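Got your viewer open? Load the model, switch to cartoon, and follow along one selection at a time.

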Amino acid sequence: MQQVLTSLLDLQEIDEQLGELDRSKVYLPEMIENINGEMDKLEVQLAENREAFQDAKKKQKQIELDIQSDKNELEKYQQHMKVIKTNKEYDALVTEIDTRKQNISDNEDEILKLMGIIDESTEKIAEFEKDLESAKANNASHLDNLRSEMTSLEAKISKKSDQRKSLTKTIDRRALTVYERIRKGKGGLAVVPLRKRACGGCFKQIPPQMVQQIRRGDRLYTCDSCGRILIWVDEE
Ligand SMILES: [Zn+2]
């Protein structure tokens with residue numbers, strides 16, 4: 001019977017490992033997705049700032065052209081001022097000159113704003129480029145490991161499953177059925193050690209006589225309360 005219990009413990013270990021491998025199937029892709037998601041976010045922020053930079057540069061160029069053309073007009077009007085003959089002509093010219101001056105001043109304010117945007121986005125672009133570069137460098141080996149773990153997962157699972165199959169062939173049918181039933185019903189551990197004379201699964205106290213029987217290990221004992229298979233391990 002000790003042999004059966006040892007085999008059940010081995011089986012339980014294999015089942016725990018299989019469970020872990022199954023969970024890896026879910027969490028490995030999640031981890032990869034999270035890492036890529038973080039880098040994608042940096043890429044998006046970088047692209048946004050590059051766009052803001054390009055956009056501001058383009059506007060700046062256009063406004064500089066507008067300012068130049070207003071300045072040309074202004075000069076023309078100012079030249080004209082010297083040769084006017086009537087008050088009406090004078091008033092019209094003053095209005096034109098004022099309008100151009102106002103335009104130039106407004107556009108110069110706009111240029112200042114755009115230069116602020118250009119400075120800010122230049123800084124951000126450098127920052128995100130640096131972040132992205134270091135994220136890529138830091139994550140490269142991590143991603144490689146996760147991907148190769150993913151690739152080897154199926155092989156590991158099938159190897160463990162084979163191991164399980166050959167082990168179960170050696171285990172007493174009845175004991176195996178009890179084990180499978182508890183594992184299915186309870187999830188997690190089906191074979192638990194006695195801890196301080198209590199079930200290691202549900203912590204219910206076990207009668208002293210049964211503790212002795214479990215210690216002898218001459219047959220399969222299950223906890224009255226939770227049904228788990230109880231085994232004796234020497235406590236310190
Ligand atoms: Zn129990």
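Before we talk about packing, one cut-off: two residues are in contact if their C-beta atoms, placed from the backbone, lie within 7 Å. Keep in mind too that this is a predicted model.

**Whole chain.** Start zoomed out, with the protein chain in cartoon. There are four helices and four strands here, and from the N terminus on they run α-α-α-β-β-α-β-β. Now orient along the principal axes: the C-alpha atoms fill a box of roughly 130 × 35 × 30 Å. The radius of gyration of the protein chain is 40 Å, whereas a compact globule of 236 residues would come out near 18 Å. Of those 236 residues, 10% count as buried. Even so, look at the contacts with a separation of 6 or more: 73% of them are between residues 24 or more positions apart.

**Two domains.** Colour 19–171 one way and 177–231 another; the domain assignment calls these domain 1 and domain 2. Put a distance between their C-alpha centres and you should get 62 Å.

**Helix H1.** Next, select residues 2–81, which make up helix H1. How far apart are the end C-alpha atoms of H1? They are 116 Å apart, which agrees with the 118 Å that 80 residues should span at 1.5 Å a residue. Then zoom in on Lys 25: H1 has a kink of about 35° there, shortly before the proline Pro 29.

Which residues of H1 are buried? Show Leu 5, Leu 8, Leu 11, Asn 49 and Ala 56 as sticks, since those are the ones. To see what they pack against, add helix H2 (87–170), helix H3 (173–186), E1 and E4 to the view.

**The strands.** Now for E1, so select residues 191–195 along with E4, residues 229–231. These two strands pair in the parallel sense, over three bridges. Pick Pro 193 and find its bridge partner in E4, Ile 231.

Then bring in strand E2, residues 198–199, which runs antiparallel to E1 and is joined to it by two bridges. Here the residue to click is Leu 194, whose bridge partner in E2 is Cys 199. E1 and E2 form a hairpin with two residues between them. Finish in that turn, at Lys 196: check its backbone torsions and you will find a positive phi of about 50°.

How values were computed:
Residues numbered from 1 in each chain as written. Predicted model: local features only at pLDDT ≥ 70, side-chain atom pairs only at ≥ 80, totals over all residues. Pairing = 2+ DSSP bridges. Rg over C-alpha atoms; globule rule 2.2 N^0.38 Å. Buried ≥ 20, exposed ≤ 12 C-beta atoms within 10 Å, placed from the backbone. Domains from an automatic or database assignment. Expected span 1.5 Å × (residues − 1). Bend = angle between axes of the 7 residues up to and from the residue.
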